[in-house]
Amino acid sequence: MRTYLYCEAGFVEKTQWLPNSWVNVVCPNDDDFEFLTKTLNVPESFLDDIADTDERPRTDTEGNWLLTILRIPVQNKQDGSLPFGTVPIGIITNNEIIVSVCYHNTDLLPDFIEHTRRKGIVVRNKLDLIFRLIYSSAVWFLKYLKQINLDISAAEKELERSIRNEDLLRLMRLQKTLVYFNTSIRGNEVMIGKLKTIFQDTDYLDTELVEDVIIELKQALNTVNIYSDILTGTMDAFASIISNNVNTIMKRMTSLSIVLMLPTLIASFYGMNVDIHLEEVPFAFSLIVLFSIGLSTMAFVIFRKIKWF
């Protein structure tokens with residue numbers, strides 16, 4: 001699906017493509033591919049690079065075309081998968097054409113377009129668009145990080161009541177998400193330096209916008225690092241708790257085994273087919289039983305004192 005956007009006071013959708021307008025392509029189909037490669041003459045190799053879900057933030061050139069690949073956050077709604085992830089978005093530009101291609105539906109692009117309309121933002125050129133998309137990605141990273149923090153708190157409360165594998169796996173998935181966020185934000189941060197180098201001798205560069213983008217990315221990166229450290233400490237703490245619980249259970253089971261073993265040991269001795277010198281005692285059975293109970297009680301008291309029960 002593709003839309004043609006022209007910037008007036010914010011991006012306005014047009015019915016057909018115009019020079020210097022923004023062609024936004026999401027989940028491209030065969031018709032979109034034909035339009036991009038045949039009508040706009042976009043290099044097919046660029047489209048193949050963007051289709052790779054593991055593609056890292058980078059720039060590439062072919063002729064007068066410039067490809068800029070960024071990583072943006074997405075929310076996964078499939079059960080059993082990571083709650084959040086990152087996907088590549090490619091911005092392909094030349095002197096007259098600006099094309100963005102993303103093979104995944106995201107909340108970022110519609111929100112970015114609506115934000116430019118609501119605030120009346122004027123995007124002067126292709127570099128402005130790229131930097132504003134990086135800024136928007138940082139904002140969405142922070143939004144999703146707040147949700148991740150709430151998920152971590154909810155999982156911790158569940159684990160305080162009962163340690164279950166499902167809650168531990170939930171924390172593990174959130175930890176993996178933070179690793180992906182960290183890598184993607186760092187990659188986008190590196191892209192800013194590359195773009196500044198490419199456009200340093202042009203009038204495209206807006207230093208104030210660049211500073212705002214860098215500040216927002218650093219805030220997102222610091223937040224990721226803080227949450228990641230907290231989650232790592234939480235996982236280590238629960239691992240220690242689980243190990244301690246296992247040790248406690250093993251001590252109790254060992255103590256119980258010893259307590260029950262003493263009567264069994266006495267019964268084994270007096271169950272031998274030999275002379276035990278108690279055949280003539282009137283209450284021999286009762287005495288043996290009481291002696292066994294006494295030994296077990298004494299063992300229980302000892303283990304209780306050393307807190308094995």
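**Close-up 1. Glu 189 and its salt-bridge partner.** Glu 189 comes out as partly exposed in this predicted model, because its relative accessible area is 23%. Who does Glu 189 pair with in a salt bridge? The partner is Lys 218, and the N-to-O distance between the two side chains is 3.3 Å. The pair ties together parts that are 29 residues apart in sequence, because Lys 218 lies in helix α6 (residues 207-270) and Glu 189 in helix α5 (residues 165-198). Lys 218 also counts as partly exposed, because its relative accessibility is 43%.

**Close-up 2. Four residues joined by shared salt bridges.** Look for Asp 49, Glu 55, Arg 58 and Asp 60 here. Salt bridges with partners in common link these residues into one network. Zoom out to the whole structure, and the count of salt bridges is 8.

**Close-up 3. Arg 2 meets Asp 32.** Here's a salt bridge whose closest N and O atoms sit 2.7 Å apart, with Arg 2 on one side and Asp 32 on the other. How many residues separate the two along the chain? It's 30, so this pair links distant parts of the chain: Arg 2 belongs to strand β1 (residues 2-7), and Asp 32 to helix α1. Now for the surface: is Asp 32 buried or exposed? Asp 32 counts as buried, because its relative accessibility is just 2%, and buried means under 20%. Arg 2 has a relative accessible area of 22%, so this residue is partly exposed.

**Close-up 4. A salt bridge inside helix α3.** This time both partners, Glu 114 and Arg 117, lie in one helix, α3. They're 3 residues apart, which is about one turn of the helix. Their side chains meet in a salt bridge at 3.9 Å, N to O. Glu 114 counts as partly exposed because its relative accessibility is 37%. Arg 117 has a value of 37% too, so Arg 117 also counts as partly exposed.

**Close-up 5. A positive patch on the surface.** Which residues gather in this patch of positive charge? They are Arg 118, Lys 119, Lys 143 and Lys 146. Two elements give two or more residues to the patch: α3 (108-119) and α4 (126-161). Pick out Lys 119, which lies in helix α3. Lys 119 counts as exposed because its relative accessibility is 57%.

**Close-up 6. Two loop residues with positive phi.** Most residues other than glycine have a negative phi. Cys 27 isn't a glycine, yet its phi is positive, near 50°. You'll find Cys 27 in the loop between β3 (22-26) and α1 (30-39). Its relative accessible area is 31%, so Cys 27 is partly exposed. Asn 41 has a positive phi as well, about 60°, and isn't a glycine either. Where does Asn 41 sit? Check the loop between α1 and α2 (44-51).

**Close-up 7. The two domains.** To finish, step back to the chain as a whole. The domain assignment gives domain 1 (2-243) and domain 2 (246-306). How many Å lie between the C-alpha centres of domain 1 and domain 2? The answer is 70 Å.

Methods:
Residues are numbered from 1 along each chain as its sequence is written. This is a predicted model: local features need pLDDT of at least 70, side-chain atom pairs count only at pLDDT 80 or more; totals for chains, interfaces and linings use all residues. Side-chain values use heavy atoms; hydrogens and water are left out. Patches are made of residues with over 30% relative accessible area and no salt bridge: like charges are joined within 9 Å, nonpolar side chains (Val, Leu, Ile, Met, Phe, Trp, Tyr) within 5 Å. Accessible areas come from the Shrake-Rupley method with a 1.4 Å probe; for residues, only the protein chains shown count as cover. Lys and Arg count as positive and Asp and Glu as negative; His and the chain ends are not counted. The place of a charge is taken as NZ of Lys, CZ of Arg, CG of Asp or CD of Glu. Helices (H or I, at least four residues) and strands (E, at least two) are DSSP runs, numbered from the N terminus. Buried means under 20% relative accessible area, exposed over 50%, partly exposed in between (1.4 Å probe, protein chains only). Domain bounds come from an automatic or database domain assignment.
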